[in-house]
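Trainee: Could we go through some of the terms used for this structure? I'd like to see how each label is earned.

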Amino acid sequence: LRLLSGSNLSTNTGGLDLDGDGATDVFGGRGGNITIQGLQREGSVADSVLLSGGSGITSNTAAEGNAGGGDVSIAARLLNLDEASFIRSSTSAIAIDLNGDGVVDLSGRGGDIVLNVQQLRVTGGATITSSTGFNAEGAADGGRITVQGLSGPGNKASSVLLSGQGTGIVSDSSFGQAGEVTINAGTLEL
């Protein structure tokens, strides 16, 4: 898979206005998941995934209520992000206090990003981000970001390289706790 020069692969989820009065009647559900893998069968590994020139992969949820972010999963021997490209799971919602007690009853957690790779290269201002943004305290936590080997949990990627100004792997939340960032690699070069 090659996404070049500002190309994007994305899912977007929001609330629905069923009667046309401008108010959300159905709160948005969880954001759509994005899975990138090989063509042989479900769970197979792609040879390479390249994002370049500001291109990106995004699962975005913008809604009122309990709207968690979608997950992004990539299985590839080589995952290369450069030139300000990005992988993002983003949740932005209006947190709701249903019973007026001052405690947020509905808010959505950021989506998880899981990268099963042999090599990961994040350079030139590229980013991998899971974030939540809400309008009130009590908002949910950011999603987890996991970089691991091709065989999944407990396995190491051969190498992970992060290089260049503005380059990073980040989980954050406006009011909640940031999600865990786990990099399981034989070699980590910063």
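Mentor: Happy to! Glu-83 is partly exposed, with a relative accessible area of 47%. This is a predicted model, where local features need pLDDT of at least 70, side-chain atom pairs count only at pLDDT 80 or more, and totals for chains, interfaces and linings use all residues. Residues are numbered from 1 along each chain as its sequence is written, and side-chain values use heavy atoms, leaving out hydrogens and water.

Trainee: Why is Glu-83 called partly exposed?

Mentor: Buried means under 20% relative accessible area and exposed means over 50%, with partly exposed in between (1.4 Å probe, protein chains only). Glu-83 has 47%, so partly exposed is the right label.

Trainee: What makes Ala-84 partly exposed?

Mentor: The relative accessible area of Ala-84 is 43%, which also lies between those limits, so the label holds.

Trainee: What is notable about phi of Glu-83 and of Ala-84?

Mentor: Phi of Glu-83 is near 55°, a positive value in a residue other than glycine. For Ala-84, also a residue other than glycine, phi is positive too, near 65°.

Trainee: How do you know that Leu-120 is in contact with Ile-169?

Mentor: Contact means heavy atoms within 4.5 Å. Ile-169 is among the residues that Leu-120 contacts once neighbours within four places in sequence are set aside, so the two have heavy atoms within that limit. Other contacts of Leu-120 include Leu-79, Leu-115 and Val-147.

Trainee: Which residues touch the most other members of the largest nonpolar core?

Mentor: Of its 26 residues, they are Ile-74, Leu-79, Ile-87, Leu-115, Leu-120 and Ile-128. A nonpolar core is a set of buried Ala, Val, Leu, Ile, Met, Phe, Trp, Tyr and Cys residues joined through side-chain atoms within 4.5 Å.
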